[in-house]
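Q: I'm new to reading protein models. Could you walk me through one, feature by feature?

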Amino acid sequence: MRVIARVYSDYVRRSWPLLAIAVLLVVCETVMNVYMPQLSKAMVDAAVGTDGVEAASRVLLWKSLVYTVLGLIRSVVIFFEIYLFERVAENVSLNVRHDLYDKVQNLSFAFHNRSRTGDLMSRMTSDVYAVRDMCGFGVSMLAYDVFIIVSVVGWMIAYNPVYALASLFSMPLLAVFAIRYSGRSGPVFRSIQDQVASMTAAVQESVSGIRVVKAFAQEDQERDRFGKANDAVLRDNLKAAKINAFYHPAMDFCASLGTVGVIWCGGRLYAQGALTAGDITAFLSYLWMLIWPVRQIAAIIRIAQRGIAGGQRVFEILDARDQIANRSDAEQIAEVAGHVQFCDVDFSYDSEEKVLDGFSLDIPPGSTVGILGTTGSGKSTIGALIPRFHDVDSGAILIDGKDIRDLDIHSLRRQVGIVPQDTFLFSTSIRENIAYYQPDIELERVIAAAKAAQIHDFIESLPQGYDTVVGERGVGLSGGQRQRVAIARALVMDPKILILDDSTASVDAETESMIQESLREIAKGRTTIIISQKVSSVRYADRIVVLRNGKIIEQGTHAELYALGGFYRQLCDAQAMPLQPAREGVEI
Amino acid sequence: MAYQQEETTEKRFDPQIARRILSYLRPCVKQLALSVVLVLVGSLISLIGPLVTRSAVDDYIMVGDMTGLNILVLAWLGILCANWFVSYWRMYTMSWIGQTVVHSIRKELFDHLMKLSFDYYDKVPVGKTITRFTSDVDSLNELLTGGVVTLVSESAVLIGIMGIMLSLDTRLALLCFTVIPVLVYLTTGFRAKIVSAERDERSKTSEMNAYLQENISGVRVVQAFCREGLNLKRFDKISRAVFDAAMRVVYLFSYFWPFVDMTAVVGTVVVLWYGGLQVAHGTLSLGTLVAFIAYVGQFFGPIRNLSQIYRMVQRAMAGGERIFRLLDTEISIKDKPDAIELPPIKGAVEFKDVYFAYEGDDHVIKGLNLSVRPGETIAIVGQTGAGKTSIINLLSRLYDVNAGSILVDGYDIRNVTLASLRRQVAVVLQEPFLFAGSIKDNLRYGRPEATDGEIYEVCRQLGIDDFIRKLPKGYDTEVGERGSKLSSGQRQLVSFARALLARPAILVLDEATASVDTYTERLIQEALRELLKGRTSFVIAHRLSTIQEANRIIVIDDGNVVEEGTHEQLIRARGRYYHLYMMQFSSMASREVS
């Protein structure tokens, strides 16, 4: 109920005038539906009447015209009715989609680390449709049902309360069935929605990881996993089938039971002279009018339950609190000098193991800092904290002396160019990928960035050059090529602070040295943070920070640290190939 | 941006596809027969309802035969109960058939998917494959359950009503049937428009879904580049297009139904007016007219419902075609019929004059010859695109060679079963894929029967036990979709251990430690010296420091070996390897020397 109330107040209410008109039209239609049989009855009466053929044919013609005109009016009413209800529903769907999309793309990295793409997708598609159907189709059926049942029952009671009671004796039973049906089917429908989502996720994962599956010859294991998910969908669907198969006919039965009452009591009352034959026929015909609406109750319940389940899943996302939000008095920053300070920062992902522990670092504007560390030492975290992808647990990060939590997030992120570890490219042209920050940027600037990232020549060599489509639906690029496109993408922003997170890991030696070469150019006039585990990537940095378990263990220039003979020296030696050939190599 | 090519959602009736869809019903023939009988019984009961009440009024109540009425009422009650029972089994059986068929199609699809070779996965985006399992299968289900029931029951009711009407009064019946052509004309005319509007709506929707899918996957980039505002605008545009397309369908429907309703009104008026005149003239009995009116009211429902079936059929045809296309996709790499189990191998590998192209004649491997002794460590060096990864793809037979052959312990790998080959060849990839699940599940992936003890042992040897134990739940930590909760270095470490736990005779490391720091990498290399004993291994690495200790280094360029030898030999030769090596080394040495 709370879900329905919320769907109404957050979404449906915006289109309340349309809804009100639509409901009014339902009332009109119901009235006509109840009245039109009266008209045909009158025509039959006229036909058997004693006024003669002449009079009868006049009445017949006249009433036929009236019937046709009423039919025409009803058609117009039906047209607007369908259109308006669906319009309300599509409005709801449009607005829910908007809110969901806005929310999802603003949810923090922490949220996205936890959730699965397939699951979010099904919430934004099939769950939204479930809500839409409830608001359109569901409401129109409900309105129609309510008016027809109320008017028919009202007419019966007003006409003959005792007889009405006898004809409607099965209604309490119907109510019991309806309530039990909605209680029992709700959880099953919700469960089906969850199971289908997890089956889809299972397929998605097996397909995405097919290389690993094949490499380890584990097709059987995947089959088992999918088989279980598939079985669960079947099981739940059969459970739902059982419930539907019991309650749908049960409600039909209740509706038909009314006819039993009408006949049996009617016969007795007629014998006592308390009823006329006409009364019985009238009651019967009205009762027939109830059968269809009663049959629809089950469908309405089903639509409502699906809508509620969908609504719950939608609101779960809309209510998620993992958002890095602007303070109300957040400050816009235009152009920063690029002074980055970490002041005693503590950070953990799951608030258990500290990834950074009392981390402090001062990076002067325009300088280049290399951050070197072992796997899992917190290197990438440092990069992710500067553009505020996560908030620190304690301590603060300052840019030009201002706490980044006091800054407008977008104005902050616009100053920070980041080349992430995992390169994600969109299924669009290389040009649009590089110009991602600002799609309408001139081609010259895109090319300049590509040249700086040492990818221009490769792009030119492609048949369609900068218009080549890449990503899942485009040509495959190697890991190194993707990384270079990502570097170009960051350079287009011309950021004051540039973060390269292990961005040359999968690039071969020759290309790496070319990138290194141009990085020295690129780094001019910006604060550059190079995160890497390769000494070769950081050795030109003004300062190198060596990280271990979230703490700085050494820092200084390459020469200083090399001379220090500590952990950095060890790393150098590991990479400087300290075996015999080194002797031959030194002569350069 | 064109996010997704349109996939047709309707298709004309195709007897071949129809036969194939129906063939899935063969295992449920009994249930199907039962449900058809139940459907017919149900329709019959709904037809006799008005007759029973009429008889009650005319034959008993008016006459005052209370005993007869009691009997009739009891009989009617009995029929209603029977109907409940019949309906229960009808609905359950139909759902059972639909769900069982869908379940087995999904199973077959997945089964086939697991057998398909990489040429399929290289071409088809994940999203499309998933659609086969969801909406395409649903379209079959819709036809098999809803469609069959509607077809059988509504046809039966329609034929029954038409028969009764004809027998009551042929002229009036025929007059009434004149509206049928109008109805058919309206339906077909509108259908063309509605179908094209619906197709438009679906293609807009799938475009929106593709946009959603991509922007959820790439949400980190979106946030890093502050594209939320612009993307929301774009999404709103796409979403608005879906809205407009949906409203166009709604508009057509809301236009269509009143017309259908109006034909029903006209039909009724014709009966009332003409029938009324006949009654007035005394050429038609009152009872017949009343019955006629009742039947005209019931006449249009079935026609309307039957017209819906055609759409279901079209949709099922399109869905079925795509499903069958996937099921018919040839498995290019499969076991020969007489393939033997590869016995436990020592690890000798021989590439004999191997040629290979991913597509057409564009060979990436050109006449490769390479002979590897058991237990040897071979390093493969070369520029991006030289063909290094292709060599190892061929070794585990992810692709087949175009010419030449690859022998493992003297067996041509095409003559042994894929499973027995791949179980003995483990690969650690540059971009490791971890499955959503715990670390332990992932480690055990290659050999599900590995004990906890073995897992801890391998991790300790690799020196990664500490890092795993420090995670919030240690070995039971969930790694998230694609392992996203771990750093890329950590993912590589886990995939490394996963490969070793599979106890392969041949280990292939494709840039396996590119994202691991040098220090950890060295620890791993030391551990590997122990772990690799008796195993043949292939190592691909950009970082030459990691491969110096290999027994043999081969330098690949343009699909063939250009240099081969130990590190020392190659350095002395001053060829390509020397050049590559110096480039990396000089960057290290220059500062030091200066």
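A: Sure, and let's begin with a definition: two strands pair if DSSP finds at least two bridges between them. Keep in mind that this is a predicted model. Here, strand β4 (residues 403-408) of chain B is joined to β5(B) by two bridges, and these strands run antiparallel.

Q: Which residue is the bridge partner of Leu407(B) in β5(B)?

A: That's Asp412(B).

Q: How do strands of a sheet pair?

A: They pair through backbone hydrogen bonds, either parallel or antiparallel. In chain B, four strands make an open sheet, ordered β2-β1-β4-β5, with antiparallel pairing. At the edges sit β2 (363-372) and β5 (411-412) of chain B, each pairing on one side only.

Q: How many helices and strands does chain B have?

A: Chain B comes to 19 helices and ten strands.

Q: What is the radius of gyration of chain B, and how do I read it?

A: Set it beside the value for a compact globule. With 594 residues, such a globule would have a radius near 25 Å, but chain B has 36 Å. The box filled by its C-alpha atoms fits into the picture too: roughly 120 × 50 × 50 Å along the principal axes.

Q: Which domains does the assignment give for chain B?

A: There's domain 1 (15-169 + 284-328) and domain 2 (374-388 + 417-593). The C-alpha centres of these two domains of chain B lie 59 Å apart.

Q: What share of the residues of chain B count as buried?

A: Of its 594 residues, 46% do. As for contacts in chain B between residues at least 6 apart in sequence, 79% join residues at least 24 apart.

Technical notes:
Residues are numbered from 1 along each chain as its sequence is written. Chains are lettered from A and ligands numbered from 1 in the order in which they are written. This is a predicted model: local features need pLDDT of at least 70, side-chain atom pairs count only at pLDDT 80 or more; totals for chains, interfaces and linings use all residues. The radius of gyration is taken over C-alpha atoms; the globule rule is 2.2 Å times the number of residues to the power 0.38. A residue is buried if 20 or more other C-beta atoms lie within 10 Å of its own, exposed if 12 or fewer, and partly exposed in between; C-beta atoms are placed from the backbone. Two residues are in contact if their C-beta atoms, placed from the backbone, lie within 7 Å. Domain bounds come from an automatic or database domain assignment.
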